[in-house]
Amino acid sequence: MEKIGCRLDGYLNDSNFTEPMPWIGVYVAVACMACAILTGFDVHDAWFQWKTWWPCKFFSLNATSFTLIGISIKFSADINTPMPGSEDQLVKLSGAVLMCTTMGNTLPSLGTMENKEILVNLSALAILVGTLLVDILLQLKTGAIYRFRIEHVTVMCLMLLLLIIMTSVGISVPAIKRCLEMKYIIEQRSPTIRDADETTEKSVVKKLRKDLERKWLVAHTTCPQFVIAKSGLSSASAMVSLLGVITLVEAITRAYAFFPKVCRGDSSYKWTTLLVFFAQTIAVGVGSIAPFFRWFTCFASEVEALKQSLLRAISVEDYWVERLKELRDCSLPVRIHNRSARKLAHDVKRWTFELVILLQQTIVVGCGLTTWFTYLACFAFLWLVICLFSALSLPCLCIFGVFTGFSNLKYKGKRSNQSTS
């Protein structure tokens, strides 16, 4: 064992500094698997209870999830450890994609939070995403990331877009909750009035069953997570996170199918780099299940009414900007005695919030249009597949029609011969 402290030449003995690095890699892999297991619990709960909005119950935005995510993206945020191998470069990209997948997966959990919780969690998420973006930029500049540079830039843009979408949803959650509470109260009162005249026609059991089904439906459809998961912003965030998964698949294909030239040398994390890469890939795969099915259920419900969905896509409900309008119209928190200065401060505040409201409306409409055009593209693709299948089966159908017509003609000829005889 070498001496701890200064060497004979007076400099610090740093020969043992990299010995704990493999254990750090194991720690990161365990955190990634914890994220995958918690996300898997949410998938299991939604699948077997037939919750088509795929709520976030076990893995949502909270202190525990932020801690696990911060540990899981350690390799992506490491700016000074040499990682020259192909798996070393891939694990940096998979960590950034894991961040995108987590953001897209946990978006509906904002509906379960109070206003202060939303502010704290979104601030923590912005700090975490901002730190990761800066670290990746530094690595791109210094050359620590020398492979998959375009993929890293793409994932960074997707991450920033997801943060904007989540901030937009977080601003609208209080107004959404108020609107849902009012609708819940109205729907809870309406069944008794509507069914008052039907008590003589229906049995008590059927009426109770009908009321129970109605109340169950109202309770589920007025859940904030349900409304957020079914919104256009949730579909847009799901598409963005799935684009990150596609980017990772493309990078893995390039790394293992084309065998590009990489730098020589080993990482200080040694064999744990591959372990972390597998753990992050599993976490990305499990975490992309819920966003995919949220998008798919919205797509399946919108195919039948594509024209009406376009009108819904370009419309902005009041609850998206209600909170911002309240802040725009409220008085200044600081009292200003000078009349001109007070008027100028009011005007500046009003103009600022008008700009923010316009930005919020642009985000909502942009996400809605993106979702609608994706639905349209998928619908066109399905139509093309159906047409191709019809074209391939057309000769068989023609031959079948010819033989059917010939059989009918032969049958008519036999009947005419029998009648003449």
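**Ring pairs, salt bridges and core of an all-helix chain**

Q: How many aromatic pairs does the structure hold?
A: In this predicted model, ring pairs link W47, W54, F292 and F293 into a cluster. Counted over the structure, the number of aromatic pairs is seven.

Q: Is the pair of W47 and F293 stacked, tilted or edge-to-face?
A: The ring centres of W47 and F293 are 6.1 Å apart, and their planes stand at 65 degrees. Planes over 60 degrees apart count as edge-to-face, so the pair formed by W47 and F293 is edge-to-face.

Q: How many residues apart in sequence are the parts that W47 and F293 tie together?
A: W47 is partly exposed at 46% relative accessibility, and F293 is also partly exposed, with a relative accessible area of 26%. W47 belongs to helix α1, whereas F293 belongs to helix α11, which covers residues 289–302. The pair therefore ties together parts of the chain whose separation in sequence is 246 residues.

Q: What secondary structure does the chain have, in helices and strands?
A: From the N terminus on, the elements run α-α-α-α-α-α-α-α-α-α-α-α-α-α. The secondary structure accordingly comes to 14 helices and zero strands.

Q: Among contacts between residues at least 6 apart in sequence, what percentage join residues at least 24 apart?
A: One case of residues far enough apart in sequence to pass the 24-residue limit is E354 and R328, which are 26 residues apart along the chain and have C-alpha atoms separated by 7.6 Å. For the chain, the share of such contacts that join residues at least 24 apart is 81%.

Q: Which helix holds R254, the partner of E151 in a salt bridge?
A: The closest N and O atoms of R254 and E151 are 2.9 Å apart. E151 lies in helix α6 (residues 149–194), and the bridge ties together parts that are 103 residues apart in sequence, because R254 lies in helix α9.

Q: Which residue of the salt bridge between R254 and E151 is buried?
A: R254 has a relative accessible area of 32%, so R254 is partly exposed. Its partner has a relative accessible area of 7%, below the 20% cut-off for burial. The buried residue of this bridge is therefore E151.

Q: Which residues are linked in a network of salt bridges?
A: A search of the whole structure finds four salt bridges, and one of them joins R254 to E151. The network includes both of these residues together with one further acidic residue, and its members are E151, E250 and R254.

Q: How far apart are the closest N and O atoms of K74 and D78?
A: K74 is partly exposed, with a relative accessible area of 30%, whereas D78 is buried, with a relative accessible area of 7%. A salt bridge requires the nitrogen and oxygen to lie within 4 Å, and the closest N and O atoms of K74 and D78 are separated by 3.4 Å.

Q: In which helix does R328, the salt-bridge partner of E354, lie?
A: E354 forms a salt bridge with R328, and their closest N and O atoms are 2.8 Å apart. E354 lies in helix α14 (residues 339–420), so the bridge ties together parts that are 26 residues apart in sequence, with R328 in helix α13.

Q: Is R328 buried or exposed?
A: E354 counts as partly exposed at 33% relative accessibility. R328 has 15% relative accessibility, which is under the 20% limit, so R328 counts as buried.

Q: Which helix contributes the largest share of the largest nonpolar core?
A: The largest nonpolar core has 80 residues, and those with the most contacts inside it are M99, M103, L110, L125 and M159. The largest share of this core is 12 residues, and these come from α6.

Q: Which residues does T102 touch, not counting residues up to four places away in sequence?
A: T102 is found in helix α4 (residues 86–105), and at 8% relative accessibility it counts as buried. M99 touches I69, among other residues. With residues up to four places away in sequence set aside, the residues that T102 touches are F59 and I69.

Q: Which helix gives the most residues to the nonpolar patch on the surface?
A: The patch is formed by M33, I37, F41, F58 and I282, which together have about 440 Å² of accessible area. I37 is partly exposed, with a relative accessible area of 44%. The helix that gives the most to the patch does so with three residues, and that helix is α1.

Terms used:
Residues are numbered from 1 along each chain as its sequence is written. This is a predicted model: local features need pLDDT of at least 70, side-chain atom pairs count only at pLDDT 80 or more; totals for chains, interfaces and linings use all residues. Side-chain values use heavy atoms; hydrogens and water are left out. Helices (H or I, at least four residues) and strands (E, at least two) are DSSP runs, numbered from the N terminus. Contact means heavy atoms within 4.5 Å. A salt bridge is a side-chain nitrogen of Lys or Arg within 4 Å of a carboxyl oxygen of Asp or Glu. Buried means under 20% relative accessible area, exposed over 50%, partly exposed in between (1.4 Å probe, protein chains only). A nonpolar core is a set of buried Ala, Val, Leu, Ile, Met, Phe, Trp, Tyr and Cys residues joined through side-chain atoms within 4.5 Å. Patches are made of residues with over 30% relative accessible area and no salt bridge: like charges are joined within 9 Å, nonpolar side chains (Val, Leu, Ile, Met, Phe, Trp, Tyr) within 5 Å. Accessible areas come from the Shrake-Rupley method with a 1.4 Å probe; for residues, only the protein chains shown count as cover. Rings of Phe, Tyr and Trp (its six-membered ring) pair if their centres lie within 6.5 Å; planes under 30 degrees apart count as stacked, over 60 as edge-to-face and the rest as tilted.
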